[in-house]
There are 2 protein chains.
Amino acid sequence: MLSQTSSAIQDYLKALYVLEVEREPDGTAIPTTALAQRLGVSAASTTNMLKKLATLGLVRHAPYRGAELTPDGRTVALEVIRHHRLLETYLAEVMGVPWDEVHAEAEVLEHVLSERLEDRIASMLGDPSFDPHGHPIPGKDGSVAQASTRTLWEVAEGDSAAVERVSDDVPEALRYLARIGVLPGAAITVLRRGPLEGPLFIEVEGHDGSDALSKEVASTVWVR
Amino acid sequence: MLSQTSSAIQDYLKALYVLEVEREPDGTAIPTTALAQRLGVSAASTTNMLKKLATLGLVRHAPYRGAELTPDGRTVALEVIRHHRLLETYLAEVMGVPWDEVHAEAEVLEHVLSERLEDRIASMLGDPSFDPHGHPIPGKDGSVAQASTRTLWEVAEGDSAAVERVSDDVPEALRYLARIGVLPGAAITVLRRGPLEGPLFIEVEGHDGSDALSKEVASTVWVR
DNA sequence: GCCCTGGATTAGTCTCGGCTAAATTTCAAC
DNA sequence: GTTGAAATTTAGCCGAGACTAATCCAGGGC
């Protein structure tokens, strides 16, 4: 399934999958533009690719009203994401690559990882279920542990929550989060919310003092 | 240097390098056709690429009389080969991939290995100078331990020699060689040569009995 | 020294994935 | 209901790198 897709195709399917998970409950299709900008590509290119993916049976594309993964498309997306997250975990744990850098490495390696190495990595790591940022690693059978969709930004002033996962693709944000103690598993208390759309002051268990998080960054931290 | 080349370019340069080393002493250029068939590509494609490589300053191309690497081209080729051989070593030693399979894996990974991971792998392995098949791993400075160019096929009947390296790209041959004890470091005695161009009967230290090698396979084993 | 043959190059296409500019469709506002 | 802005698609193009067919040149045989 995976092996007969180009890495461009894999990137589109992966992005589509992530967007579908983010929009969560409502069953609406993903707009072309949303996909395009996530991939940093023009809308026209996206339309072309969606047509192609539709003929391959990987996507359902209703012109002018967006696209959705088919079961086959989802399978491919999950295989790529499994590669990505296994690689991130391997790079961090076995090779000692800093956690803010593993994403970039995994981004290119995910497309060329053979089945054999995938299996080897998984067993060396003891078939992990989560990557270093707290994201679930899909199983070979396509099963995915469901992740929280509540972000730190949504936590009310005075409330506490446990960090479940953080977005993996902005190294600067990751470094800042690690420095102030916002790591998967940490307990967070929202001390005070800044002015409208302003910073969020948080306190982390085991980390002294409170720190500010912009809305942008707080929205890339998911809690439970 | 490496980073701004496509993987197609890297493959051409690498092949050119290997062909240049094989033809060893005479300083003649590599014929277009030789390069083409090594890469499994048409001669026309090769001519096009050579013209491109020439404008990039990576190759000297005299129409109708072949091509040669420039110092810059050689640098890129050595970087790719360093990647390839470090990866083979890593896959075999750290990940436990069978030695006849590491070549195929390294072939795709070599093009996407970052500088950071290259360094990490090298230091995890203790900066090895040879890969599992006995080929020298170029240093970061471009230095390469020189390898023997005498093949097992050239050893006279009754003479002995030490296996230095074996070609890495034919899994079946590698499995056979390993089975009969022809591994880098092994001591070989040529017991008898078969009929003209026929098999070579060899004896290996620590391995009882003699075994036959076709000319084709014996020519992919280099001895000292 | 000429010619022929085989290696090499040129000419012309193809597929992939991108792009911009020009249509087109949808949908919200009136 | 009409309309206009925004989203989307279509049309036409580009660059990489591959291919085949046609042409061209270099060098050995005579």
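**Close-up views of helix packing and DNA contacts**

**Figure 1. Helices α4(B) and α5(B) are oblique to each other.** Oblique describes any angle that is not roughly parallel (under 35 degrees), roughly antiparallel (over 145) or roughly perpendicular (65 to 115). The model is predicted: local features require pLDDT of at least 70 and side-chain atom pairs pLDDT 80 or more, while totals for chains, interfaces and linings use all residues. Residues are numbered from 1 along each chain as its sequence is written, chains are lettered from A and ligands numbered from 1 in the order in which they are written, and side-chain values use heavy atoms, without hydrogens or water. Helix α4 (residues 71-93) and helix α5 (residues 102-109) of chain B pack at about 130°, their axes being 9 Å apart. A helix here is a DSSP run of H or I with at least four residues, numbered from the N terminus. Axes are lines fitted to C-alpha atoms over the stretch in contact, and angles run from 0 to 180 degrees between N-to-C directions. The crossing of α4(B) past α5(B) is right-handed (the near helix is turned clockwise from the far one by less than a right angle; anticlockwise would be left-handed). Contact (heavy atoms within 4.5 Å) joins H84(B), L87(B), E88(B), L91(B) and A92(B) of α4(B) to V102(B), H103(B), E105(B), A106(B), E107(B) and L109(B) of α5(B). By class, these residues are six nonpolar, two polar and three charged (nonpolar: Ala, Val, Leu, Ile, Met, Phe, Trp, Tyr, Cys and Pro; charged: Asp, Glu, Lys and Arg; polar: the others, Gly among them).

**Figure 2. In chain A, α4(A) and α6(A) are likewise oblique to each other.** The axes of helix α4 (residues 71-93) and helix α6 (residues 115-124) of chain A come within 10 Å and cross at roughly 50°. This crossing of α4(A) past α6(A) is left-handed. From α4(A), the residues R82(A), H83(A), L86(A), L87(A) and Y90(A) meet E118(A), I121(A), A122(A) and M124(A) of α6(A). The contact of α4(A) with α6(A) comprises six nonpolar, one polar and two charged residues.

**Figure 3. DNA strand C is surrounded by 21 residues.** Residues are counted as near a strand if one of their heavy atoms lies within 4 Å of it. The closest to DNA strand C are S6(A), S45(A), K52(A), T33(B) and T47(B). Of the strand C atoms that come within 4 Å of the protein, 79% are accounted for by sugar and phosphate. Phosphate oxygens of strand C lie 2.5 Å from a side-chain N or O atom of S6(A), 2.6 Å from one of S45(A) and 2.3 Å from a polar side-chain atom of K52(A). Each of these is a polar contact, a pair of N or O atoms within 3.5 Å. At least two residues of this surface come from each of α1 (7-22) and α3 (43-55) of chain A, and α2 (32-39) and α3 (43-55) of chain B. The surface near strand C has 10 nonpolar, eight polar and three charged residues.

**Figure 4. DNA strand D is surrounded by 23 residues.** T33(A), T47(A), S6(B), S45(B) and K52(B) are the closest to strand D. Sugar or phosphate supplies 81% of the strand D atoms within 4 Å of the protein, and bases supply the rest. A side-chain N or O atom lies 3.0 Å from a strand D phosphate oxygen in T32(A), 2.5 Å in S6(B) and 3.1 Å in Y12(B). With five residues, α3(B) gives the largest share of the surface near strand D.

Terms used
A polar contact is a pair of N or O atoms within 3.5 Å; within protein, one must be able to donate a hydrogen and the other to accept it, and residues adjacent in sequence count only if both atoms are side-chain atoms.
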